[in-house]
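Got the viewer open? Here is a short tour, stop by stop, with something to select at each one.

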Amino acid sequence: MPPRGILDELKEIVGSKNVLSDTKALRSYTDGSLDENRGSTSRWRVGTSYGARFVPDLAVMPSSTEEVAAVVQVCNRRGVPLIPLSGGSNLVGATVPIKGGVVVDMRRMNRVLKIDESNLYAICQPAVILSDLQTELGLHGLCHGTNPGSADWATVGGAVSIGAQTMTGFRYGTIVDNLLELEVVLPYGDIVKTGPWYGSGYNLRGIFPRSEGTLGIITQVTMRVHRLPPYRVSAGFMFDSFEAAVRTQLELSSLELHPLSTILSSDTFGREHEELAREDPKRQSRGWLILELEGEKTEVSRTSRRIDRVAGAREGRKISRRSMDSIGDFLLIFTTGARKSALPALHTAKVRVSRHIWVPPDKIVEVYRAFEDLVEKYGMDDPTALNTPTRLIVGCLVDPKSERDITALAGFLEDLRMVARDVGGTLFGAHGAGLVNKSEIEEDYGEGAIELMKRIKLALDPRLIMNPGKVLDLDNSETPPE
Ligand SMILES: Cc1cc2nc3c(=O)[nH]c(=O)nc-3n(C[C@H](O)[C@H](O)[C@H](O)COP(=O)(O)OP(=O)(O)OC[C@H]3O[C@@H](n4cnc5c(N)ncnc54)[C@H](O)[C@@H]3O)c2cc1C
């Protein structure tokens, strides 16, 4: 229950209709029914089942930085937890109110405030949806280069807060790499701007990204944008082994030919994409390399010829133009497979669970082989592997209602985590820590860095009201069992 009187104070700040207090609306923040079009916090419940146990006491929807600051001040005075939420598409329980409190739902702060074509930057409110931002930038011949599978409902503020990474990151950098300035409401309600990116002094804009709402609420983002390339082309190759495809991709990277590329084991195509399966009627290919090149036409053509030579040297067979034309659809289908799994209605059926692994590039083949062994050991269904230039994404189908599937998934992921760690990798490289991955943070960073993070957290948020229990364990917050 919220402390007495807080409801009226919050209504005064944001208006009555922008404070949610009825149980059904509040439950929607954790039971997956938030709004299918906005994604859901529920997908991480695959393999865990504690999400819906937690319901916020209230939710507020501010419309300005000043309203956010006033809400924070009211809650801080009373020691009430605050959970910032922009798109709600995170996969790691990052917005679950494990200590109750007030969800600060930023959905009304969704305007692009400025696009500067000459100086190549944009200023956005945090709840601007990534695909909407791209639509606006596209009208100016620009792009932002952050395209997660959730781009139709994930937001700029959420992507900065978890440090989103996407396939295009190799070319454009991540959204965090492109940050110029942030405006943040601190846990005691002060509004700060992190200052000019070209200035001296502490790099304050480096503190808030990836903090998952535990250090303050981002109310404005200034980010670098890029010119849309004049020419774009896709190409694809089939290989007899996954290893040949990976080695080709590694060689292209070492030659600094940086396409947007993916590799998949051939099994995926049979089930999910007929056109590409027809390319390989005997189903003998075990590795597919799919590339998108962009830039000036002459530069792209030259790069394309070099890629043909590198792939040809490993006996890569070129995929026909007709099939390549449907590659956009194919990638969509791949991400839609993941996207469907985010939707609660599909919790009754098998859903695709995927995990992102960062491993040193020369260890990808080794980890993939271990992945195949683990698939067999645990009897995982419909395994897929997709290797972007920055990480390996492995996935399989799981019935969230089947105890066997859930137990197998837990063992499979734990073993995979050990494999990744043994070769100097980490199991997650995107998506954030939230609740689900926070134990891994400690292992990945080591004591000194964790201690410094805790000190920063305590300095900014001594009452521990900002998104409690996420990323770091400071107050022995209950971490619900898997
Ligand atoms: C199908 C699918 C595909 C995905 N693909 C990718 C992918 O390719 N790469 C990737 O990185 N992620 C991916 N994700 C995960 C997720 O969509 C992204 O991490 C996304 O960037 C989160 O944005 P959001 O607006 O939904 O954030 P939310 O879920 O609202 O919040 C995420 C975290 O940020 C905090 N937060 C949100 N807004 C603010 C704010 N204004 N101020 C401070 N803290 C805030 C929240 O408290 C929470 O801790 C995918 C998810 C799905 C469902």
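## Stop one: the ligand

Start by selecting the ligand and its surroundings: 34 residues surround it, and the closest are Pro84, Ser86, Ser89, Ser150 and Thr155. Keep in mind as you go that you're looking at a predicted model.

Now bring up the polar contacts. Pick Pro84, where a polar backbone atom is 2.6 Å from an oxygen atom of the ligand. Gly88 also offers a polar backbone atom, 2.8 Å from a ligand oxygen. With Thr155, turn on the side chain: one of its polar atoms lies 2.6 Å from an oxygen atom of the ligand.

How much of the ligand does the protein bury? Taken alone, the ligand exposes 970 Å², and the protein buries 97% of that.

Colour by secondary structure next. The elements giving two or more residues to the shell are β3 (82-85), α5 (156-162), β10 (217-224) and α12 (327-342). Which of them gives the largest share of the shell? Go to α5, which supplies four residues.

## Stop two: the aromatic pairs

Show the rings of Phe, Tyr and Trp, and look for four aromatic pairs in the structure. Begin with Trp197 and Tyr198: this pair is edge-to-face, 5.7 Å centre to centre with 75 degrees between the planes. Switch on a surface and check both residues. Trp197 is partly exposed, at a relative accessible area of 43%, while Tyr198 counts as exposed at 65%.

Before leaving, add Arg224 to the selection. Its charged end sits over the ring of Trp197, 5.5 Å from the ring's centre.

Then jump to Tyr368 and Phe371, a tilted pair with 5.7 Å between centres and 40 degrees between planes. Both sit in helix α13 (residues 364-378), three residues apart, which is about one turn of the helix. An α-helix has 3.6 residues a turn, so residues three or four places apart point the same way.

Are these two buried or exposed? Tyr368 is buried with a relative accessible area of 4%, and Phe371 is buried too, at 2%. Widen the selection to Phe242 and Phe412, which form one aromatic cluster with Tyr368 and Phe371.

## Stop three: into α14

Head for Ser402, in the loop between β18 (392-398) and α14 (403-422). This serine counts as buried at 18% relative accessibility, because the cut-off for buried is under 20%. Draw a distance from its side chain: a polar atom there lies 2.9 Å from the backbone nitrogen of Asp405.

Step along to Ala408, inside helix α14. Ala408 is buried, with a relative accessible area of 9%. What is the distance between the C-alpha atoms of Ala408 and Tyr378? They are separated by 5.6 Å, although the two residues are 30 apart along the chain.

## Last stop: α15

Finish by selecting helix α15 (residues 438-445) and picking out Lys438, Glu440 and Ile441, which are buried. Look down the axis: these three cover an arc of only 140 degrees around it, which puts them on the same side of α15. Then click on Gly446, just after the helix, where the backbone takes a positive phi of about 85 degrees.

How values were computed
Residues numbered from 1 in each chain as written. Predicted model: local features only at pLDDT ≥ 70, side-chain atom pairs only at ≥ 80, totals over all residues. Heavy atoms only, no water. Buried < 20%, exposed > 50% of the residue type's maximum accessible area, 1.4 Å probe, protein only. Arc of directions from axis to C-beta. Phe/Tyr/Trp six-rings, centres within 6.5 Å; stacked < 30°, edge-to-face > 60°. Lys NZ or Arg CZ within 6 Å of the ring centre and 35° of its normal. Near = heavy atom within 4 Å. Polar contact = N/O pair within 3.5 Å; in protein donor to acceptor, adjacent residues only side chain to side chain. Areas by Shrake-Rupley, 256 points an atom, 1.4 Å probe, with all protein chains shown as cover.
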